[in-house]
Amino acid sequence: MGIKTPEIQQSWFLESSLSDGNAVQIKINNDPFVVGRDKKCNLTLSSSTISRRHAEIFSKDSTFYLRDLGSTNGTFINSKKIAEEEIVHNGDYITFADLQFKLIYKGTEIRDKVRKSHTDTQTNFLKNPRKYHSFADAYKLSKREEEILFLLLQGKSTREIAETLFITFGTAKNHILSIFNKTDVHSKFQLLAIYNKLSGKKK
């Protein structure tokens, strides 16, 4: 079933609300973590709406993803159906067919303010994403690089970006260097300058 990753084993859970108002938390203890109706899955869901091997959560470059495994009734992140694989974050709602779970990170090193920063970042990005998408499209940035671009333009440091997106410092640094390379700049100041120019702002 794959190689177990200590970071996943110790920190990540799927939380499901019960009818009595309580919640049950299932530890994500394998990488990949397969969800389905089959008893061999890491999480077995005994429902006719769930496919035998429905979906899986896995890590890649210290980033967590959700992948649908060709299920009949679909896999969703925050009510949006995914086609193949998508990045998942702390606090996301994951739905397998009609069964919903909340992805929770319980690492002690993550402070409440970091969680709030992550939530605020997503909210602000969704309010006015067009200019970021246009810039990202112009320079062929990946989805992850687009997220990091937003944080860079807010003045976030590499370490703050890593904490906000729940990735390692090295991974965040590599993404930033990739953005610099694609936009042909060598600093955040230069990046801001070409962003302002492309979006029609005055320097």
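Start by selecting Phe 76 and Lys 81: Phe 76 stands opposite Lys 81, which belongs to strand β8. Before going further, note that this is a predicted model, in which local features need pLDDT of at least 70, side-chain atom pairs count only at pLDDT 80 or more, and totals for chains, interfaces and linings use all residues. Residues are numbered from 1 along each chain as its sequence is written, and side-chain values use heavy atoms, with hydrogens and water left out.

**Stop 1: the six-stranded sheet**

Stay with β8 and add strand β7, residues 75–77; the two run antiparallel and are joined by two bridges. Strands here are DSSP runs of E with at least two residues, while helices are runs of H or I with at least four, and both are numbered from the N terminus. Two strands count as paired if DSSP finds at least two bridges between them.

Now select β10, residues 93–96, which is antiparallel to β7 and joined to it by three bridges. Click on Ile 77 and look across to β10, where its bridge partner is Ile 94. Next comes β11, residues 99–105, which runs antiparallel to β10 with four bridges between them. Phe 96 has Leu 99 of β11 as its bridge partner. Zoom in on the hairpin of β10 and β11: two residues sit between the strands, and Ala 97 takes a positive phi near 60°.

Pull back to see the sheet as a whole. It is open, with six strands in the order β2-β1-β11-β10-β7-β8 and antiparallel pairing. Which strands stand at the edges? They are β2 (23–27) and β8 (80–81); each has a single partner strand, so one side of each is left without a neighbour in the sheet.

**Stop 2: the five-stranded sheet**

Select β3, residues 33–36. Phe 33 and Val 35 point one way from this strand, Val 34 and Gly 36 point the other way, and all are buried. Buried means under 20% relative accessible area, exposed means over 50%, and partly exposed lies in between, with a 1.4 Å probe and protein chains only.

Add β5, residues 55–60, which runs antiparallel to β3 and is joined to it by three bridges. Along this pair, Phe 33 stands opposite Ile 57, and Val 34 stands opposite Glu 56. Then add β4, residues 43–44: β3 and β4 run parallel, with two bridges joining them. Here Val 35 has Leu 43 as its bridge partner.

The full open sheet has five strands in the order β4-β3-β5-β6-β9, and the pairing is mixed. At its edges stand β4 and β9, each with a single partner strand, so one side of each is left without a neighbour in the sheet.

**Stop 3: salt bridges**

The structure holds seven salt bridges. The term covers a side-chain nitrogen of Lys or Arg within 4 Å of a carboxyl oxygen of Asp or Glu. Select Arg 52 and Asp 38, whose side chains meet in one of these (2.9 Å, N to O). Arg 52 lies in the loop between β4 and β5 and Asp 38 in the loop between β3 and β4, so the pair ties together parts that are 14 residues apart in sequence.

Go on to Glu 85 and Arg 67, another salt bridge (2.9 Å, N to O). Glu 85 is in strand β9 (residues 85–87) and Arg 67 in strand β6 (residues 63–68), so this pair ties together parts 18 residues apart in sequence. Glu 85 is partly exposed at 27% relative accessibility, and Arg 67 is partly exposed at 26%.

Now find helix α4, residues 143–153, where Glu 147 and Arg 144 both lie, three residues apart, about one turn of the helix. Their side chains meet in a salt bridge (2.7 Å, N to O). Is Arg 144 buried or exposed? Arg 144 is buried, with a relative accessible area of 5%.

To finish this stop, select Glu 56, Lys 60, Arg 67 and Glu 85 together: salt bridges that share partners join them into one network.

**Stop 4: the cavity**

Keep Arg 144 selected and add Phe 64, Val 88, Leu 165 and Phe 166; of the 11 residues lining the largest cavity, these five lie nearest its centre. A cavity is a set of points, on a 1 Å grid over the protein atoms alone, where a 1.4 Å probe fits but cannot get out, and lining residues have an atom within 4 Å of a point.

How many cavities of 30 Å³ or more are there? The count comes to one. About 40 Å³ of space lies in the largest cavity, where a volume is the space filled by probe spheres set on the points, with grid points joined across faces, edges and corners.

Colour the lining by class to find seven nonpolar, three polar and one charged residues. Nonpolar covers Ala, Val, Leu, Ile, Met, Phe, Trp, Tyr, Cys and Pro; charged covers Asp, Glu, Lys and Arg; the others, Gly among them, count as polar. Finally, colour by domain: the lining draws at least three residues from each of domain 1 (10–107) and domain 2 (129–199), with bounds that come from an automatic or database domain assignment.

Conventions. 1 Å grid on protein atoms, 1.4 Å probe; cavity = no way out; pocket = protein on both sides within 12 Å on 5 of 7 lines; lining within 4 Å.
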